[in-house]
Number of protein chains: 2
Amino acid sequence: MKISESITNKNSPTMGDVAKSAGVAPVTVSRYLNDPDLVSKRSKEKIAEAIRQLNYVPHAAARTLASKRSRMIGSIVPSLDSSLFGRTIEVFQSHISTAGYNLILASNNYDAEKEREHINQMVSHGVDALLMIGNSRDESIYRLLQAKNIPYVLTWTIDSNQEHPCIGFSNQEAASSITNYLMDLGHTKFAMISGHIKNNDRAYDRLKGVRDTLAQRGLSLADDNFIERPFGVEQGRDAFRLLMCRPNKPTAIICGSEPFAYGAIFEGKKMGIDIPKEVSITGFDDMWLASNITPSLTTVRTPQQQMGALAAKYLIAKLNGEEVPLPKPLGIEIIVRESCAPPF
Amino acid sequence: MKISESITNKNSPTMGDVAKSAGVAPVTVSRYLNDPDLVSKRSKEKIAEAIRQLNYVPHAAARTLASKRSRMIGSIVPSLDSSLFGRTIEVFQSHISTAGYNLILASNNYDAEKEREHINQMVSHGVDALLMIGNSRDESIYRLLQAKNIPYVLTWTIDSNQEHPCIGFSNQEAASSITNYLMDLGHTKFAMISGHIKNNDRAYDRLKGVRDTLAQRGLSLADDNFIERPFGVEQGRDAFRLLMCRPNKPTAIICGSEPFAYGAIFEGKKMGIDIPKEVSITGFDDMWLASNITPSLTTVRTPQQQMGALAAKYLIAKLNGEEVPLPKPLGIEIIVRESCAPPF
DNA sequence: CATTAAAATGGAAGCGCTTTCATTTGAGAC
DNA sequence: GTCTCAAATGAAAGCGCTTCCATTTTAATG
């Protein structure tokens, strides 16, 4: 598309202007834009020329109002501070953009009330579909979306009740796998560093996965070995120090989010604690640092980009009126590296 | 705001419905929404009640069409893959959200043509303002925005010609500072790992900063000591290996982007090259790893979040019709850590 | 060349809101 | 009570597009 200079004063040219200039009716221009097959070759050429000359840009709000389709898809993420959701969103945006949709994005800083407000605003803006992270939100939000007939999809989670379409993986299973892996190595004294459980089903499920799996072999997570913190490397450092200064140290620390694990490893180095000899550390997500850090991090690889791509495909298919099967949970994978060893 | 269930069928309630239910004219409801001071207390109460009962959500597209204000602000970033722009955007979004604006976001993957398309779409969507990164784009884009009277701001850059409002810092000066710092340490054999220069004024300016500053002391950057790569840790590793396998190794490597520096440090460890004894490494941006990595990274701290906040403030003031002075360049700061030392 | 169906086009209504301008209402001053 | 001015309200137009339905044109066929 070319952007040229012939823009008149304040007022942008409208479809009517294009029509006049091309010698056709406005409705023909509309068809040219929305379904070119309905327009003759001759008209097509004249219209194309007029559009170029006038530098016409269709008025999306008017289209939305008339057609009840905004060609916008909304998304609310908990944070853009790490690249975690950024990677999902980037892929998502790229896919929907190819299909002619725009992304309207908000970050809610892990605040449920803010999320609700953002969703409301997005509904008001007439988003055609919505991508959300996780499944910790009020029922009324889903009801609103259903009432307004807005397709939506939840990522980073699965919905065991099959009530909502999810493109994600089982956080519980993932946590379970990594717990089993550590128990297989011989660990019995566990700790977990986790994000805040409240309003965060991912964190909650991971905790549950750890607890249940431990229980299956008669173990448990002592209350003071479960540390809740806001996400971040520094918080991981703090938690690690707290844990390792205790008389009864854990031999394995499961981190519910990767930055915690990085923090633990950094702090271990500073404290002169050998990882994995003295304590094993696991991460969650497999971000780029995991393979580069020393010791490299044993972690769970989550399908960050795949979720973005599949979520986009799902929603677009839905918007095209196709019958889409409820997506299946995605697989996760334990990436074994150097940060874990049998307890000494 | 409460989201309740009483939504009728397909059709959402309109302002007319609210008006009827409240026993006032639609226009009064409009005033209630846009300028409540104009409405009597009695009407206010009735309208509030009606809105709650009907679960009315204003139709943003209709508002946009009628008022010529979309309450959306657009932004195009080169990438969301690292958290670099994510942090700026997160703060930006949070600020504009407080002022009642929504963010419409696209990532263009460092592709100029994609950016142009996205801008066009955003203009079409009637964004009230636009945030862009850097200053490498066709003049016609600026002309379009000016013609449409859409305020915009460029971040991560300054505009020496004062043609465009920028909230940023001088990449050239920043690069110059770090080069001087290294020269002061005694280095004479320099290399640089940089992102692709084309369509990236930030990368270009940093290179220029290095070259010019070197030249001031009679030094220069040998052509094959300048390595251009896509951004990323792996690329940093590759470039580092390439550089350090040469007969005539550099003693200082300036990285135009932080992930390159991380890659260099990781690869240095793998190759058994001592940083900073054998070679000094500098980064650019001061992301969270810089202080945690071993050796910790001497780098330039860029005001990532400040730019987001100031850009939001600037645009909102502009949209409120206030006279806003052209923002001044932001300061940068060299953060000295462990990754640099005098050449041996 | 008439006939018919399909392709291409146009007219008009209306999406849900804001804007402009006109009118009504209320409060205070004399 | 009457007058005045401000506050509060309303009626109507119209933002730029799409949708629905009707009409015209074209191409295909006997």
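A residue here is buried if 20 or more other C-beta atoms lie within 10 Å of its own. Keep that cut-off handy, and remember that you're looking at a predicted model.

**Stop 1: helix 11 of chain B.** Select Glu258(B), Pro259(B), Phe260(B), Ala261(B), Tyr262(B), Gly263(B), Ala264(B), Ile265(B), Phe266(B), Glu267(B) and Gly268(B): these are the buried residues of helix 11 in chain B. They make up 11 of the helix's 14 residues, so to speak of this helix as mostly covered is fair. What sits on top of them? Show strand 6 (190–194), helix 10 (233–244), strand 8 (252–255), strand 9 (280–282) and strand 10 (299–301) of chain B, which are among the covering elements. If you put a distance label on the end C-alpha atoms, it should read 20 Å, and that agrees with the 20 Å that 14 residues should span at 1.5 Å a residue. Step off the end of helix 11 and you land on Gly272(B), which has a positive phi, near 75 degrees.

**Stop 2: helix 8 of chain B.** Now select 171–185 in chain B, a helix of 15 residues. From first C-alpha to last it reaches 21 Å, close to the expected 21 Å. Colour its buried residues: Asn171(B), Gln172(B), Ala174(B), Ala175(B), Ser176(B), Ile178(B), Thr179(B) and Leu182(B). An α-helix has 3.6 residues a turn, so residues three or four places apart point the same way. The cover over the buried residues of helix 8 includes helix 9 (201–216), strand 8, strand 9, strand 10 and strand 11 (333–335) of chain B. Strands 8, 9 and 10 of chain B were also listed in the cover of helix 11. After helix 8 comes another glycine with positive phi, Gly186(B), near 110 degrees.

**Stop 3: odd backbone in chain B.** Which residues other than glycine have a positive phi? Two to look at are Arg71(B), at about 60 degrees, and Trp156(B), near 65 degrees. Arg71(B) is in the loop between helix 4 and strand 1 (72–77) of chain B, and it counts as buried because it has 20 C-beta neighbours inside 10 Å. Trp156(B) is in the loop between strand 4 (152–155) and strand 5 (166–167) of chain B, and is buried with 26 other C-beta atoms within 10 Å.

Next, pick the peptide bond from Thr294(B) to Pro295(B): it is cis, with omega near -5 degrees. Pro295(B) is in the loop between strand 9 and strand 10 of chain B. Hop over to chain A and check Thr294(A) to Pro295(A), a cis bond with omega near -10 degrees. Pro295(A) is likewise in a loop, the one between strand 9 (280–282) and strand 10 (299–301) of chain A.

One more proline: Pro13(B), in the segment before helix 1 (15–22) of chain B. With 19 C-beta neighbours inside 10 Å, Pro13(B) counts as partly exposed. Its C-alpha is 7.7 Å from that of Val57(B), 44 residues apart along the chain.

**Stop 4: strand 4 of chain A.** Select 152–155 in chain A. In a regular strand the side chains alternate between the two faces of the sheet. Here Tyr152(A) and Leu154(A) are on one side, Val153(A) and Thr155(A) on the other, and all of them are buried. Strand 3 (residues 129–133) of chain A pairs with strand 4 of chain A in the parallel sense, over four bridges; Leu130(A) has Tyr152(A) as its bridge partner.

**Stop 5: the DNA.** Which residues come closest to DNA strand D? Show Met15(A), Ser30(A), His59(A), Ala66(A) and Ala25(B), out of 25 that surround DNA strand D. Then switch to DNA strand C, again with 25 residues around it; Ala25(A), Met15(B), Ser30(B), His59(B) and Ala66(B) come nearest. Helix 2, helix 3 (41–54) and helix 4 of chain A, plus helix 2 and helix 4 of chain B, each give two or more residues to the surface near DNA strand C. That surface has 15 nonpolar, eight polar and two charged residues.

**Stop 6: zoom out.** The contact of the two chains takes 54 residues from chain B and 54 from chain A. On the chain B side, these are 23 nonpolar, 22 polar and nine charged. Finally, show chain A alone: 12 helices and 11 strands. Its radius of gyration is 26 Å, well over the 20 Å from the globule rule for 344 residues, so chain A is more spread out than a compact globule. The C-alpha trace of chain A spans about 85 × 40 × 30 Å along its principal axes.

Technical notes. Residues numbered from 1 in each chain as written. Chains lettered and ligands numbered in written order. Predicted model: local features only at pLDDT ≥ 70, side-chain atom pairs only at ≥ 80, totals over all residues. Rg over C-alpha atoms; globule rule 2.2 N^0.38 Å. Near = placed C-beta within 6 Å. Nonpolar A, V, L, I, M, F, W, Y, C, P; charged D, E, K, R; others polar. Contact = placed C-beta atoms within 7 Å. Expected span 1.5 Å × (residues − 1). Buried ≥ 20, exposed ≤ 12 C-beta atoms within 10 Å, placed from the backbone. Pairing = 2+ DSSP bridges.
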